[in-house]
Amino acid sequence: MTASSSSPENSKSSLSGLAPLEAVLFDVDGTLCDSDSLHHQAFSEILLEIGYNGGVPIDDEFFIKNIAGKHNHDIARAIFPDDFERGLKLTVEKEVVFRRLASEQLKPVEGLYKVKKWIEDRGLKRAAVTNAPRPNAELMISLLGLSDFFDVLILGDECDHAKPHPEPYLKALEVLKVSKDHTFIFEDSVSGIKAGVAAGMPVVGIATRNPAQLLMEAKPIFTIKDYADPKLWEALEELDKKGGNGATNEA
């Protein structure tokens, strides 16, 4: 990572080059809401019940390496490389626990509704693109009050390939009828950032749980702490100055 790769000047030019902006795409887990802690808790509960790893709880390093941002099929293979079916059954059980925890504890990432208003005021198209199972994704979006915000929900499960393959993001462009040259993405995982970059779009990495240094390895244009980060708003202001959307520029 170079000093310029995450500088405000670079981030401004990276987004302003998208003018006129047509759409913004979002991952769900960890991007709209800080749900990774709930996934970690759910996996810990399930794995402890079966005595996985000698009964030692999984740590952050294990979670980031084997679980964060990954499709359940890939998680199953990582956790039980010699018994895929057992791993898959465990991920299904884990999702039940996760939905219970989410219903009780889910919170939006700081500044989410500010960026939501910015997008709505400019009449931009938007999609949620996720590796999460449909029941999880729809629950999280509903709990956050975003069911009417997104034009479409694209699921890795319903594509031939999930992230980190670019297909889910390419499908979102196709459904929204927008160009990759006028669209950018918010993502919080290495897997998701790689998918967006491979699809040919600039990705803003959100370090809600995964360290910014780790996210930069996947080559986002820059990283932010959350949607309230001044770096993001400097970049969006520069985009507005360039007439960075095809609709209104009302604040």
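## The largest cavity

The largest cavity lies between domain 1 (23-35 + 107-243) and domain 2 (36-105), because both domains give residues to its lining. The model described here is a predicted one. It holds one cavity of 30 Å³ or more. The space inside the largest cavity comes to about 230 Å³. Its lining is made up of 24 residues, and those closest to the centre are Asp 29, His 39, Ile 67, Gly 69 and Lys 70.

Three helices, H2 (36-49), H4 and H5, each supply at least two residues of this lining. H2 has the largest share, with three residues. Sorted by class, the lining of the largest cavity has nine charged, eight polar and seven nonpolar residues.

## The largest pocket

The largest pocket contains about 210 Å³ of space. It is lined by 13 residues, and the closest to its centre are Ile 64, Ala 68, Lys 70, Val 190 and Ser 191. Lys 70 is thus named for the pocket and also for the largest cavity, where it is among the residues closest to the centre.

Which helices each supply at least two residues of the lining of the largest pocket? They are helix H3 (60-66) and helix H9 (190-198). Of the elements that contribute, H9 gives the most, namely three residues. In terms of class, five residues of the pocket lining are nonpolar, five are charged and three are polar. Domain 1 (23-35 + 107-243) and domain 2 (36-105) each provide at least three residues of this lining.

## Helix crossings

Helix H5 (residues 84-105) takes part in two crossings described here, with H4 and with H2. The axes of helix H4 (residues 72-79) and H5 come within 8 Å of each other, and the angle at which they cross is roughly 125°. Angles that are not roughly parallel, antiparallel or perpendicular count as oblique, with 65 to 115 degrees being roughly perpendicular and over 145 roughly antiparallel. H4 is therefore oblique to H5. The crossing in which H4 passes H5 is right-handed.

For H2 and H5, the axes also come within 8 Å, and here they cross at roughly 135°. That angle makes H2 oblique to H5. The handedness of the crossing of H2 and H5 is right-handed. H2, H4 and H5 are also the helices that each supply at least two residues of the lining of the largest cavity.

## Backbone details

Most peptide bonds are trans, and most residues other than glycine have a negative phi. A few places in this model depart from that pattern, as follows.

Where do the cis peptide bonds described here lie? One runs from Ala 19 to Pro 20, with omega near -5°. Pro 20 sits in the loop between helix H1 (8-16) and strand S1 (23-26). Another cis peptide bond joins Lys 163 and Pro 164, and its omega is about 15°. Pro 164 belongs to the loop that lies between strand S3 (152-155) and helix H8 (167-176).

Asn 53 is a residue other than glycine with a positive phi, near 60°. Asn 53 is found in the loop between H2 and H3. Both of these helices have appeared above: H2 gives three residues to the lining of the largest cavity, and H3 supplies at least two residues of the lining of the largest pocket.

Conventions: Residues numbered from 1 in each chain as written. Predicted model: local features only at pLDDT ≥ 70, side-chain atom pairs only at ≥ 80, totals over all residues. Heavy atoms only, no water. 1 Å grid on protein atoms, 1.4 Å probe; cavity = no way out; pocket = protein on both sides within 12 Å on 5 of 7 lines; lining within 4 Å. Points joined across faces, edges and corners; volume = space filled by probe spheres on them. Helix = DSSP H or I, 4+ residues; strand = E, 2+ residues; numbered from the N terminus. Nonpolar A, V, L, I, M, F, W, Y, C, P; charged D, E, K, R; others polar. Domains from an automatic or database assignment. Axes fitted to C-alpha atoms, helices over the stretch in contact; angles between N-to-C directions. Parallel < 35°, antiparallel > 145°, perpendicular 65-115°, else oblique. Left-handed = near helix turned anticlockwise from the far one by under 90°.
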